[in-house]
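Biologist: I should like to learn how to read the surroundings of a ligand in a model. May we go through one example together?

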Amino acid sequence: MTSTIKKIGVMTSGGDSPGMNAAIRAVVRTCAFHKIKCIGIYRGYQGLIEGDMVEMSARSVRNIINRGGTILKSARSQEFRTKEGRKKAHDSLVKNGVDALVVIGGDGSFTGGMIFNEEFGYPVIGIPGTIDNDIFGTKFTLGYDTALNTAVEAIDRIRDTASSHDRLFFIEVMGRDAGHIALNVGVGAGAEEILIPEEDLGLDRLLESLEKSRVTGKTSSIVVVAEGDKTGENVFQLAEYVEKNMPDYDIRVTVLGHVQRGGTPTCRDRVLASRMGVKAVETLLEGKSNFMVGISNDELNLTPLERAVKGKSEIDKELIRVSDIMTT
Ligand code: ATP
């Protein structure tokens with residue numbers, strides 16, 4: 001492959017997710033394979049502005065494929081949102097002889113990358129790294145599969161105590177704007193109800209459904225609630241409302257929170273990260289830029305960053321139907 005690109009920068013930006021390290025490793029090793037240089041940029045766009053970067057070799061990424069988080073650290077940078085900040089970032093790339101950038105992050109990071117590309121004509125490729133799976137143009141984002149498995153395992157444990165004490169548990173999982181985690185985890189963990197931002201079940205329907213379960217002999221139940229669900233103000237108020245209306249239930253609330261973000265990535269996330277890392281570097285070497293690498297029907301694809309940022313990732317309607325049938 002002959003290309004004008006001789007040095008590629010890689011960074012992680014926004015919220016961390018399991019699989020980011022595997023993607024960094026893949027980018028670094030693909031650069032080594034094609035005999036070009038790779039530079040790791042610390043703390044996302046902020047590190048870029050400050051010139052906080054280090055050259056990476058194939059050996060510098062050993063033993064990281066199995067680690068959660070990101071060895072390059074992640075950050076949110078207010079300064080990069082300004083024109084002056086982005087100018088500093090560009091100067092820093094030029095000074096360090098970096099010809100193109102691979103950004104591993106979520107839609108905010110891609111918006112930044114897209115603006116940067118427009119302003120400086122600088123080649124950028126995005127790899128979707130976020131547990132929320134809320135990015136248009138890819139069926140899966142890095143970290144999503146790990147987060148699902150972590151959450152299902154936690155709920156299995158809660159179910160043990162729920163059934164031993166005949167309790168109703170409200171369990172909040174991550175997903176401020178999207179219910180992908182809640183829906184999949186709810187189906188996978190056999191929840192009695194699943195509340196997601198995309199579908200407002202309504203308080204009355206929730207009470208009705210819980211009452212139906214109680215009458216048919218269920219003594220313990222699990223309700224999975226996405227962080228961004230609008231049925232109640234928040235999961236605690238939701239539980240309070242149900243408690244007031246159904247005093248027979250012994251109710252508890254668990255917020256899974258950041259445990260879903262960390263931990264050893266699943267094999268699926270590691271393989272996806274490896275594939276996406278190779279694709280990102282080779283896409284740049286082919287002279288293409290301003291795309292996000294995604295996956296659909298097990299095939300890698302490219303979506304223009306603008307579409308990835310502006311498009312909406314739809315909730316799986318068939319799975320909603322499955323969940324309706326399972327919770328009968
Ligand atoms: P997550 O999905 O985990 O929140 P994210 O990539 O969406 O990840 P953000 O905090 O939204 O996380 O964005 C990461 C960084 O991208 C921001 O801190 C900022 O530096 C940059 N960024 C986001 N939006 C813009 C924008 N409109 N213009 C310039 N830079 C931006």
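Modeller: The dialogue below treats the ligand, its contacts and the record annotations. This is a predicted model, in which local features need pLDDT of at least 70 and side-chain atom pairs count only at pLDDT 80 or more, while totals for chains, interfaces and linings use all residues. Residues are numbered from 1 along each chain as its sequence is written, and side-chain values use heavy atoms, with hydrogens and water left out.

Biologist: Which residues come nearest to the ligand?

Modeller: A residue is near a molecule if one of its heavy atoms lies within 4 Å of it. Here 17 residues surround the ligand, and Arg-76, Ser-77, Gly-106, Gly-108 and Ser-109 come nearest. The shell comprises three nonpolar, 10 polar and four charged residues; in this division Asp, Glu, Lys and Arg are charged, and Gly is among the polar ones.

Biologist: Which helix supplies the largest share of the shell?

Modeller: Helices are DSSP runs of H or I with at least four residues, and strands are runs of E with at least two, numbered from the N terminus. Helix H4 (residues 107-120) contributes six residues, the largest share. Arg-76, by comparison, lies in the loop between strand S3 (53-56) and helix H3 (83-95).

Biologist: What distances separate Ser-109 and Ser-77 from oxygen atoms of the ligand?

Modeller: A polar contact is a pair of N or O atoms within 3.5 Å. A side-chain N or O atom of Ser-109 is 2.5 Å from a ligand oxygen, and a backbone N or O atom of Ser-77 lies 2.7 Å from one.

Biologist: Which residues does the UniProt annotation "binding site" cover?

Modeller: Annotations may be inferred rather than shown by experiment. The unreviewed UniProt entry lists Gly-15, Arg-76, Ser-77, Gly-106, Asp-107, Gly-108 and Ser-109. They are spread over 95 residues of sequence, yet cluster in space, with a largest C-alpha distance of 14.1 Å.

Key
A polar contact is a pair of N or O atoms within 3.5 Å; within protein, one must be able to donate a hydrogen and the other to accept it, and residues adjacent in sequence count only if both atoms are side-chain atoms.
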